[in-house]
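Got the viewer open? Here is a walk through the model, one selection at a time.

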Amino acid sequence: MTDLSHNAASLYAPDARTRRRNASEARFRFYGMIAVGIGVLALVVLLTSVLSNGLGAFRQTFVVLDVPLDAAKFDPSGTGDVEAMKKVTTVGYSTAIQKALVDELAAAGIDTEGMDAKDLKGLISQEAPATLRNQVLADPSLVGTTVPFYAYANGRVDGFFKGRVSMESARLDNNVSPEQLLLAQQMRDKGLLTVAFNWGFIFGPDASELRPEAAGLGVAILGSAYMMLIVLALALPIGVAASIYLEEFAPQNRWTDLIEVNISNLAAVPSIVFGILGLAIFINMSGLPQSAPIVGGLVLTLMTLPTIIISTRASLKAVPPSIRDAALGVGASKMQSIFHHVLPLAMPGILTGTIIGLAQALGETAPLLLIGMVAFVREFPDAPPAGFFEPASALPVQVYNFTQRADPAFVERASGAIIVLLVFLVIMNAIAIFLRRRFERRW
Amino acid sequence: MSVGILFLIVVAVAIVGFLLGRQRAMASVQGDMRKLHSLPGYYGQSVFLFTAVPALLVLAVWLFVQPAVVEGRIFSMIDAADVSDGSSRDLVMADVRRISGGLDALMENGGMTEADLTAMRADLTDVRGRLGSVGVAIGANVSPNVFEAAKEYRHMSDRANLLMVGAVLLAALIGFGFAWMRITPELRARNISEQFVKALLIGSSLIAVLTTFGIVFSLVFETWHFFNLYPGKDFFFSASWNPKFGGGSDLGILPLLWGTLYVSFIALVVAVPIGLMAAIYLAEYASKSVRTFAKPAIEILAGIPTIVYGLFALITVGPILRDYFASPLGLGSSSSSVMTAGLVMGIMLIPFVSSLSDDIINAVPQSLRDGSFGLGATQSETVKQVILPAALPGIVGAILLAASRAIGETMIVVLGAGAAAKMSLNPFEAMTTVTVKIVSQLTGDTEFASPETLVAFALGLSLFVITLGLNVVALYIVRKYREQYE
């Protein structure tokens, strides 16, 4: 208090020390704002990057053709028998598509001088003949008519209209020439090429490394759905049962303490370790098939259990003891009080936790890589339960698969697949939030 | 009979058991419910449980054990002579399975009978051609021994399936009979079925323990195999990682561990200050409107799958770092680098650190803050000199948990850090981590019994031990800290 005399200046003007302290206060506050800003900015940049790269995957360049299907060629037996028509390979369809393309170009008056048949064919995806063949085999009555056919344009042509491929890059590219791109531009002007929503990306199967334009997510979405079914069917009952025991029945002793420590540690075990577990126990020891949804589902179940147990216990704990006491008071047994009264009241919280656990499991990649889900799978698995044992892919693994391929068009596919994954996650979380808002009760 | 149908049969029998049990209980007291010890539903429930649960347990265990037993028997039938060069017993075994599946298809579509099959011999008939006719493609010609193994495999599987159906149905019927026979009005059916349910609850909570046991067992077992093939000294102390397909690989963990720790270090350097400051700001300074917007935004980061972060590192952060930092500074030309992975992983960890710190800061009693304000301290002085020291143990625990997350993270480093095992200080060089190598060693086509594959289990065990150690310490600290203020 001796230096009060130094502070003789006005009370309205802060002295140097106060100014320093205030400045430091403002600085600290500013750092905090920056930290929050970086967090929010990171989210924005992350989402923008994914969206800007991936939205293109949902739009696709198609070549619009009218393909005449000569009955003599595609149904040599003339009986309309599908088995007989299967003998016509994709080569036959390929020539028909090529001929249709040449005719259409001539009809539209586009000059194709200096381009041989191979160049023209190169505009269309190599997947197109197989697509047309499947279309015909699915509906044999098409033979003998002229079918309007939307063929995928080659990935480079597609990239040209999306700005990924330019004339300069085409010059250095073996797969496409600037002349082809010019022709494509002309076709676009004449309406022979159109850009439309690509349902094939969502519902179609994966395609080989050389055909990025045809790659789709159908098998992966189905595989992920199967795994989520398995996780839901196993993790929810087991998790709820375990939580009821630990929360309501377990005596406080060393044994239950061990179980509790165990569960909290399991929640923090790296996911890849669960993949090793799945590989060693489910595949090598008990001989379940590789890359099957059943194995993935079991591994994800084990991973999700701790999450579900922790959230279920929290919602059981939130039900006030008065409910239990009232039930016991009118003569219910302990089991009855729990199953008839406590559990229904805790259900919204349990479901919320389960959905969040499922959302986590849906995005999990690393363990699935180890149990062989990286395999290239084109066939859709059958309906459950047989389909659980057939090879399938999974959405996040499909993203990883796309990133491992050389063609830059797959970057767009990978980001597109992420958008699909994020849409599912948003839906699941929205349901969880809705449940919480709608049914949560505060006591 | 397929497993699905068997399952449905068991459930159907159990439902019938429920109805019959209920009915028997009612009949035993001539419909006068008051004379029963329990509500009639409980008599039915006890029959249901005794019928379904043991039978389904038998089914589950059988499904788990049968393939292992059958394959083990068949495995010993394959001679060394059947395994051609470049092949392995596992591949031959896969052939055996395929041929046996093909034989089933032949029975169904190819018009073959059991008698034909017994007479069919690989050295006399064209097995490959016949299997091909029903759409089962076999790589090479089938040797007689392998064909016999396939026949035996099919035979044993069929027999085992039949046995399984018998055993499961027997279990169901015994349970049914036992529970049904003992229904009397005096039977304490509610207590019995509640005891049963309680046993199921205990069993479910044991699954968590079983999982841990399974993890440890599978890791230790295969790691032990690995150390039989490869000296442990080299694994732990060699600074070179160079797996070769032909053998003679160098499999030292040190470069991988270095990469792991380096990436995690950068991630923590990014995440800890940002996460902590964000938590402090949101807890102590932010207005309500900022908090309702910023807090969920940061928490969304935690809900995004790691593959998304991996892709972000691969297509956005990596190229930016390379073009604007590494190349101009002459530090490297690779878009996947320790820096890329570390930065992105740091972003992933921000919400983790901030939500943990938030809990911990909020747990500091208000009285400490009030005391500090009363002495004239500013808000930042209170935070720095009172709250942080009081919350320090908890924050250390949170950082350790974040470190364990970073060390075990896989997809970000697989896509962002690169695959070259190196020990370098330059953060713009590609390096690799333990998790990346686990993935690459286990997704390749190498034979399962080779050290190059088995090393993944040793890496996995090291990873498990490190993260478990960090978790145990962190949870202990956090728990101790919470108790301090409760």
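How many bridges join strand β1 of chain A to β2(A), and do they run parallel or antiparallel? Select residues 59-68 of chain A to get β1, and look across to β2(A): seven bridges join the two, and they run antiparallel. Keep in mind throughout that this is a predicted model.

**Stop 1: the sheet in chain A**

Add the third strand to the selection. You now have an open sheet with the order β2-β1-β3 and antiparallel pairing. Its edges are β2 (146-152) and β3 (193-197) of chain A, each of which pairs on one side only. On average, neighbouring strands here are turned by 40° against each other, ignoring direction. As a reminder, strands of a sheet pair through backbone hydrogen bonds, either parallel or antiparallel.

For one specific pairing, label A:Asp66: its bridge partner in β2(A) is A:Pro148. Then show residues 90-108 of chain A, which form helix α4. This helix lies across β1 and β2 of chain A, and runs at about 95° to β1(A).

**Stop 2: zoom out to all of chain A**

Hide chain B for a moment and switch to cartoon. Chain A has 19 helices and three strands. Its radius of gyration is 31 Å, well over the 22 Å that the globule rule gives for 443 residues, so chain A is more spread out than a compact globule. Along the principal axes, the C-alpha trace spans about 100 × 75 × 40 Å.

Colour by burial if you like: buried residues make up 44% of the 443 in this chain. As for the contacts in chain A with a separation of 6 or more, 78% come from residues 24 or more positions apart.

**Stop 3: two residues to click in chain A**

Start with A:Gly218, which is found in helix α11 (residues 218-249) of chain A. Is A:Gly218 buried or exposed? Neither label fits: with 18 other C-beta atoms within 10 Å, A:Gly218 is partly exposed, because a buried residue needs 20 or more and an exposed one has 12 or fewer. Leaving aside residues up to four places away in sequence, A:Gly218 touches A:Phe203, A:Gly204, A:Pro205 and A:Phe380. Try a distance label to A:Ile202 as well: the two sit 16 residues apart along the chain, and their C-alpha atoms are separated by 5.7 Å.

Next, go to A:Ser291, in the loop between α13 (271-285) and α14 (293-318) of chain A. Check its backbone: phi is positive, about 50°, although A:Ser291 is not a glycine. With 22 C-beta neighbours inside 10 Å, A:Ser291 counts as buried.

**Stop 4: chain B**

Swap the display over to chain B, which has 17 helices and two strands. Of its 486 residues, 42% count as buried. Among chain B contacts between residues at least 6 apart in sequence, 75% join residues at least 24 apart.

Where in chain B does B:Gln30 sit? Look in the loop between α1 (3-28) and α2 (40-75) of chain B. The phi of B:Gln30 is near 50°, a positive value in a residue other than glycine. B:Gln30 is exposed, with 8 other C-beta atoms within 10 Å.

Now select residues 434-443 of chain B, which make up helix α16. Eight of its ten residues are buried, so α16(B) is largely enclosed by the rest of the structure. Among the buried ones are B:Val434, B:Val436, B:Ile438 and B:Leu442, along with B:Lys437 and B:Gln441.

**Stop 5: where the chains meet**

Bring both chains back. Here 70 residues of chain A are in contact with 71 residues of chain B. On the chain A side, the largest share, 19 residues, comes from helix α1 (residues 16-54). By class, that side has 50 nonpolar, 17 polar and three charged residues.

For a last close-up, show α1(A) together with helix α11 (residues 306-329) of chain B. Their axes come within 10 Å and cross at roughly 75°, and the two helices are therefore roughly perpendicular to each other. Turn on side chains for A:Leu46, A:Ser49, A:Val50 and A:Asn53, which meet B:Val308, B:Phe312, B:Ile315 and B:Thr316 in α11(B). What classes do the residues of this contact divide into? Five are nonpolar, three are polar and none is charged.

Key
Residues numbered from 1 in each chain as written. Chains lettered and ligands numbered in written order. Predicted model: local features only at pLDDT ≥ 70, side-chain atom pairs only at ≥ 80, totals over all residues. Contact = placed C-beta atoms within 7 Å. Helix = DSSP H or I, 4+ residues; strand = E, 2+ residues; numbered from the N terminus. Nonpolar A, V, L, I, M, F, W, Y, C, P; charged D, E, K, R; others polar. Axes fitted to C-alpha atoms, helices over the stretch in contact; angles between N-to-C directions. Parallel < 35°, antiparallel > 145°, perpendicular 65-115°, else oblique. Rg over C-alpha atoms; globule rule 2.2 N^0.38 Å. Pairing = 2+ DSSP bridges.
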